[in-house]
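Please open the model in your viewer and keep the sequence panel beside it. The tour below moves from one selection to the next and says at each stop what is there.

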Amino acid sequence: MAAMNLETQEINLTSLKQPQIHTLTQIQPHGVLLVLQEPDLTVLQVSTNCYAAFGMPAEQVLGKSLEDILDTFQIEQFKAGLAQENLDIINPTKVWVRRKGDDYLVFDAIFHRSSDGFLVLELEPALTQENIPFLSFYHLAKASIGQLEATTNLQDFCQIIVREVRNVTGCDRVMLYKFDEDGHGEVVAEEKLAEMEPYLGLHYPESDIPQPARKMFLSNWIRVIPNSHAEPVELYPSNNPITNQPIDLTLSILRSPYSCHLEYLHNMGVGASLTISLMKDQKLWGLIACHHRTPKYIPYELRKACEFLGRVIFAEISTREEEADYNYRMKLSQVQSMLIEYMSQSDNFISGLVNHQTNLLDLADAKGAAICFNGHWTSIGRTPPETELNYLVQWLGKTVEEEVFYTDSLPLSYSDAERFKDIASGLLAIPISKRSYVLWFRPEVLQTVNWGGDPNNAYEVKETENNLRLCPRKSFELWKETVRLKSLPWKAVEVKAALELRKAIVNIVLRQAEELALLAQDLERSNAELKKFAYVASHDLQEPLNQVANYVQLLEMRYNEELDQDGKEFIDFAVEGVSLMQTLIDDVLAYSKVDLKGIEWELTDVESALDRALSNLRGRIGETNATITFDQMPTIVADGTQLMQLFQNLIGNAIKFQKIDEPPQIHIGVQRQEDDWLFRVKDNGIGIDPQFSDRIFVIFQRLHTRDEYPGSGMGLAICKKIVECHRGRIWVESELGKGATFCFTIPVGGRDSAKAILRERNHANGNRLQKNLFDRR
């Protein structure tokens with residue numbers, strides 16, 4: 001047979017795996033289906049097997065009113081019920097169809113309305129002419145519920161369900177089938193004939209019950225197939241004559257199963273089946289699956305009794321599960337409350353999460369956790385290396401947009417995680433900001449899963465007459481799989497607790513940000529007052545200092561002859577003190593003027609700023625025979641005046657702290673880095689003990705007496721403030737007796753910043769030009 005195009009094959013395969021089951025226009029032959037138009041109840045469509053029920057072919061039934069088929073008395077019985085939205089109150093209704101003479105058939109009439117608004121009547125043969133007595137139904141349920149009170153084990157609960165359903169139905173095998181989060185299913189309870197192969201504990205792949213079938217189970221909670229080998233019956237006509245579309249049979253009891261499902265049942269040796277949906281929180285939790293090896297018809301009322309029984313017992317299971325979830329949720333809530341209290345009492349929220357006996361790990365039952373905040377990591381328990389964490393956060397930032405991300409198989413989504421699978425095969429992550437995260441980790445847990453057949457070969461595709469057909473597997477023998485790269489799954493309550501913690505952290509961070517903003521305002525006011533004080537110190541204090549200096553000098557001039565040696569020394573001390581006081585005042589003023597707001601950002605030729613600094617120092621350079629060299633300097637975005645002062649202070653220090661027997665040799669170097677320019681001022685002076693490398697940048701801090709090296713101790717503090725106002729940093733690399741290298745960085749403004757400055761200048765110049773032209777006019 002000719003091979004088909006691969007692309008076409010993939011498209012057909014997708015449609016085969018996701019068939020439009022609800023639009024199938026065939027029904028099972030044990031009943032009759034009629035599509036009616038209200039309010040006259042005119043027959044629009046009918047199944048072609050209607051002759052056996054009505055003694056009329058489909059062509060004659062079509063167009064008739066329901067009153068022409070059933071007597072008026074029976075129509076009146078359920079007409080009032082049809083006016084209600086809930087048709088369950090009249091389902092089933094016993095109806096008699098009279099044929100020739102005294103011959104008549106009894107049916108269970110079940111009504112529903114299709115999604116397109118048409119009334120659908122399904123007639124199933126009634127085995128008895130009476131409904132199941134209420135007391136019999138009550139005693140059946142009461143006996144089962146009584147067994148529940150004697151056990152607290154979930155497995156026992158499930159076993160009670162399947163045992164009681166099998167007692168009611170008489171099926172060869174009844175299973176309780178539970179879906180897991182991956183969509184696969186597991187048989188968690190089973191009652192069967194002794195000679196049958198057990199399926200208990202086996203897993204079945206998601207493809208065994210495709211998504212369209214699961215959607216059907218959500219809407220139609222009971223599904224019956226009395227004979228899996230029966231030939232389906234067509235509707236006549238196949239399309240609804242009003243809509244010219246197939247009728248929606250989602251809620252139909254008689255709808256014929258999908259051919260692939262029938263083949264699946266044949267491969268399992270099933271002649272009849274009954275399936276009951278088990279729902280929890282509006283989701284399909286699992287199924288009660290009844291299998292019989294030969295054809296078997298289970299009446300509608302008995303099916304409803306099984307459904308009710310399953311719901312009652314399953315409700316108890318749900319209650320027990322919810323109780324267990326509630327207890328665990330309360331435990332996590334207590335942990336969460338303690339963490340929030342710790343965070344509120346700590347200087348920063350991170351220490352509140354990790355520095356107590358109850359910590360971040362307890363909130364999600366994790367083996368490790370890490371917090372990334374402002375580029376810094378804090379870890380607790382077993383976590384991947386910091387380098388791996390950085391890459392992981394980058395991946396999360398590009399991949400995840402939700403408020404929470406969790407997986408029990410991280411290496412399957414993020415391949416690099418396979419390197420640390422023994423630590424973090426499971427990940428739970430909450431973003432605090434774009435680059436800040438809280439992460440929880442769980443290690444890999446090797447699991448052996450027992451499958452009912454090889455899940456990798458759950459179906460095969462066969463080609464017939466240039467069409468593809470999906471065929472289920474034939475083997476259901478035990479197939480064991482070792483699952484790797486997976487951790488224990490995260491519970492819903494753990495994910496919810498993480499989300500609630502995220503809200504608390506965000507609120508605390510915002511509160512701390514507000515406190516920092518208020519503190520910043522206080523600091524700004526304080527700085528403004530300090531600037532005022534510096535101004536007063538530089539002006540108002542200068543005058544009395546000048547008076548002191550003048551009068552001391554007058555005293556020396558007028559009474560010089562009368563003063564002894566001690567008197568002259570006292571006057572010299574006073575003059576030196578006044579001079580030092582004036583220097584300190586000038587330096588304080590210079591320090592206070594270094595301010596980010598005062599920076600003139602512009603394209604600055606560094607060599608020009610350096611030449612100005614050397615020009616100011618030319619006297620000291622000549623006196624000490626200093627040799628100064630420098631690299632070719634770049635053009636950067638900076639304040640030229642402050643840059644000149646920075647070089648002047650650093651070069652002046654290098655000259656000041658020279659060796660006695662060796663003239664100063666100073667080199668100014670520059671190096672382009674990824675994000676900034678690195679400048680170095682290197683000398684051959686006396687050097688600095690590394691233990692004082694931070695202290696020297698503190699205001700008024702000195703390592704030598706003024707007799708040894710004069711100065712106020714403000715020079716390096718001013719340098720530090722200039723560099724920090726330029727968003728850079730400064731440090732020293734030195735050893736005693738081996739010179740010192742002062743390093744500082746200035747961020748790269750780049751072409752964009754330079755162009756922006758030039759645009760602003762051109763814009764300003766243009767505005768001034770326009771103003772001048774306007775003034776001239």
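The stops that follow cover salt bridges, a pocket, a sheet and a few backbone features.

**Before you start**

This is a predicted model, in which local features need pLDDT of at least 70 and side-chain atom pairs count only at pLDDT 80 or more, while totals for chains, interfaces and linings use all residues. Residues are numbered from 1 along each chain as its sequence is written, and side-chain values use heavy atoms, with hydrogens and water left out.

**Stop 1: a buried pair**

Side chains of opposite charge can pair when their charged atoms come close. The structure holds 16 salt bridges, a salt bridge being a side-chain nitrogen of Lys or Arg within 4 Å of a carboxyl oxygen of Asp or Glu. Select D108 and K94, which form one of them, with their closest N and O atoms 2.7 Å apart. The pair links distant parts of the chain, since D108 sits in strand β5 (residues 104–113) and K94 in strand β4 (residues 93–98), 14 residues apart. Helices (H or I, at least four residues) and strands (E, at least two) are DSSP runs, numbered from the N terminus.

Are these two residues buried or exposed? D108 is buried, with a relative accessible area of 1%, and K94 is buried as well, at 10%. Here buried means under 20% relative accessible area, exposed means over 50%, and partly exposed lies in between (1.4 Å probe, protein chains only).

**Stop 2: a network of three residues**

Next select D172 and R293, which form a salt bridge whose closest N and O atoms are 3.3 Å apart. This pair also links distant parts of the chain, with D172 in the loop between α7 (154–169) and β7 (173–179), R293 in the loop between β13 (283–292) and α10 (300–345), and the two positions 121 residues apart. D172 is buried, with a relative accessible area of 8%, whereas R293 is partly exposed, at 42%.

Keep R293 selected and add E195, because the side chains of R293 and E195 meet in a salt bridge (3.3 Å, N to O) and, with E195 in the loop between β8 (185–192) and β9 (203–204), the pair ties together parts that are 98 residues apart in sequence. E195 is exposed, with a relative accessible area of 57%. Salt bridges that share partners thus join D172, E195 and R293 into one network.

**Stop 3: the largest pocket**

Which residues are the closest to the centre of the largest pocket? Of the 50 residues that line this pocket, they are K178, F179, D180, E181 and P489, so select these five to find the place. The volume of the largest pocket is about 2300 Å³. A pocket is an open set of points, on a 1 Å grid over the protein atoms alone, where a 1.4 Å probe fits, with protein on both sides within 12 Å along at least five of seven lines, and lining residues have an atom within 4 Å of a point. Grid points are joined across faces, edges and corners, and the volume is the space filled by probe spheres set on the points.

Now colour the lining by class: it has 21 nonpolar, ten polar and 19 charged residues. Ala, Val, Leu, Ile, Met, Phe, Trp, Tyr, Cys and Pro count as nonpolar, Asp, Glu, Lys and Arg as charged, and the others, Gly among them, as polar. Helix α10 gives the most to the lining, with six residues.

**Stop 4: an open sheet**

Select the five strands that form an open sheet in the order β15-β14-β18-β17-β16, with antiparallel pairing; two strands pair if DSSP finds at least two bridges between them. The edges are held by β15 (376–381) and β16 (405–407), each of which has a single partner strand, so one side of each is left without a neighbour in the sheet. Within the sheet, five bridges join β14 (residues 368–373) to β18 (residues 437–442), and the bridge partner of I371 in β18 is V438.

**Stop 5: backbone features**

Most residues other than glycine have a negative phi, and most peptide bonds are trans. Select E38 and P39, whose peptide bond is cis with omega near 5°; P39 is in the loop between β2 (32–37) and β3 (42–47). A cis peptide bond also joins N91 and P92, with omega about -10°, and P92 lies in the loop between α5 (72–82) and β4.

Finish at D365, which is not a glycine yet has a positive phi of about 50°, and which is found in the loop between α12 (360–364) and β14.
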